[in-house]
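Visitor: I should like to understand how this protein model is arranged. Could you guide me through it step by step?

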Amino acid sequence: MTERRKNLSIDGDDEQKKRQYNNLDVVVRPLGGAEERFYIGDMAIEAGEDETVVGTEKADNPYIHIPLLAMLALHTPRREKEAHFSVVCGLPIKQFNETARAKMKDRLLSEFDVTFMDAQSQPGRKVRIIIDDVVVVPEGVPVIFNRMLNETADDIARPELRQGSWGVIDIGAFTTDCPVIVNGKPDSMASDGIDEGIATYIDRIASSLSNSTRATITRNQILHKILNNDLELVIRGKIYPLQKEIEDQLFSFARKIIDVIDRMWSKNYEIREFFVVGGGGKMLKPFLARIMADRDIALTFIEMKNSRDDQNDPQLQNAYGYWKMAKQRFGA
Ligand SMILES: Nc1ncnc2c1ncn2[C@@H]1O[C@H](COP(=O)(O)OP(=O)(O)OP(=O)(O)O)[C@@H](O)[C@H]1O
Ligand SMILES: [Mg+2]
């Protein structure tokens, strides 16, 4: 494992650390503002605090920076009481305008006191996070940047990505963004998207089951089943097979995405390649692959070589791109 990966991401060996990252309870106080307490990770999911109102623009989400602040505080060496940071972050291409960028910068460019709460709800360590510089870029651009540079961001891996027209299909929780990047810059006319993501479809599976069984089945319960490839659910004493409903829903989403790409490629036939990324990209891959073959469309899936190959985790492509942009811009 490289030094950088050790610093950046969860060390697979360290189960305790992983659990810690998944069960954070923090109090955040922005400079001159009021304290607010948040769960992060599994505890937030259990408390139902992870469910954002669908349709909220990223720049309008008042909690968008909370997990970031908690991670920065957690990674501040124990001997330090405060730490300074420069940030590169992103907004979806369709929400990337001056107002949204200013809002995002405003929210982040500040000082925050982050206090970790222990299991007994007692305040523990407090760290002051000071953000001195913020660069906001359109999502998708970092994906191309990530594929262009090597793992350590000091050499070019795919020089051809610097020029010409490239596409990204970012299948998120509630939106699917298909930005087109031309000569390293976003082309908003060529870009497209769908106001639906993988969670939209998992919600449909959950609500259709809830309706037919009169039980309350949540999105996270269904997600858990799919990720564990456990395709039966016991509800009120009866066993319900989930496979058909899951396949129908995910196929229908995959078809919708292929239709959008087909349309984009008809208008902008010079797009060289589409990279499939985002958490939804992982789940939809087999469905997209089957439809692609029938429609004579080829998409590029990013493959993890093994479970530790985070660099090639589709869900982390924008994140690694931000890191490489930050490294070039601010040095690291
Ligand atoms: N290991 C996995 N395999 C398949 N799907 C996953 C996996 N982990 C998460 N997901 C799905 O991916 C979704 C999150 O993906 P992602 O992180 O790309 O979304 P997001 O960027 O938070 O959302 P948006 O782009 O809409 O703001 C979750 O809703 C979940 O359903
Ligand atoms: Mg996303």
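**Strands, helix and salt bridges**

Guide: In this predicted model, strand S4 (residues 111-117) and strand S5 (residues 123-138) pair in the antiparallel sense over 6 bridges. In general, strands of a sheet pair through backbone hydrogen bonds, either parallel or antiparallel.

Visitor: Which residue in S5 does Met-117 stand opposite?

Guide: Met-117 belongs to S4, which covers residues 111-117. S4 is paired with S5, and S5 covers residues 123-138. The residue in S5 that stands opposite Met-117 is Pro-123.

Visitor: Which are the edge strands of the sheet?

Guide: The open sheet has 5 strands with mixed pairing, in the order S2-S1-S4-S5-S3. An edge strand pairs on one side only. The edge strands are therefore the two at the ends of this order: strand S2 (36-41) and strand S3 (82-91).

Visitor: Which strands does helix H5 touch?

Guide: Helix H5 covers residues 98-108 and packs on the sheet. Its direction makes about 160° with that of S3. The strands that H5 touches are S3, S4 and S5.

Visitor: Is Glu-196, which forms a salt bridge with Arg-204, buried or exposed?

Guide: The closest N and O atoms of Arg-204 and Glu-196 are 3.1 Å apart. Arg-204 is partly exposed, with a relative accessible area of 33%. Buried means under 20%, and Glu-196 has 12% relative accessibility, so Glu-196 counts as buried.

Visitor: What is the N to O distance in the salt bridge of Lys-225 and Asp-230?

Guide: Lys-225 is buried, with a relative accessible area of 16%. Asp-230 is partly exposed, at 36%. Their side chains meet in a salt bridge, and the N to O distance is 2.8 Å.

Visitor: Is Arg-79, which forms a salt bridge with Glu-80, buried or exposed?

Guide: The closest N and O atoms of Glu-80 and Arg-79 are 3.7 Å apart. Glu-80 has 34% relative accessibility and counts as partly exposed. Exposed means over 50%, and Arg-79 has 69% relative accessibility, so Arg-79 counts as exposed.

Visitor: How many salt bridges does the count come to?

Guide: A salt bridge requires a side-chain nitrogen of Lys or Arg within 4 Å of a carboxyl oxygen of Asp or Glu. Some residues are linked in a network of salt bridges, namely Arg-29, Glu-111, Asp-113 and Arg-128. By this rule the count comes to 21.

Conventions
Residues are numbered from 1 along each chain as its sequence is written. Chains are lettered from A and ligands numbered from 1 in the order in which they are written. This is a predicted model: local features need pLDDT of at least 70, side-chain atom pairs count only at pLDDT 80 or more; totals for chains, interfaces and linings use all residues. Side-chain values use heavy atoms; hydrogens and water are left out. Buried means under 20% relative accessible area, exposed over 50%, partly exposed in between (1.4 Å probe, protein chains only). Helices (H or I, at least four residues) and strands (E, at least two) are DSSP runs, numbered from the N terminus. Contact means heavy atoms within 4.5 Å. Axes are lines fitted to C-alpha atoms, for helices over the stretch in contact, and angles run from 0 to 180 degrees between N-to-C directions.
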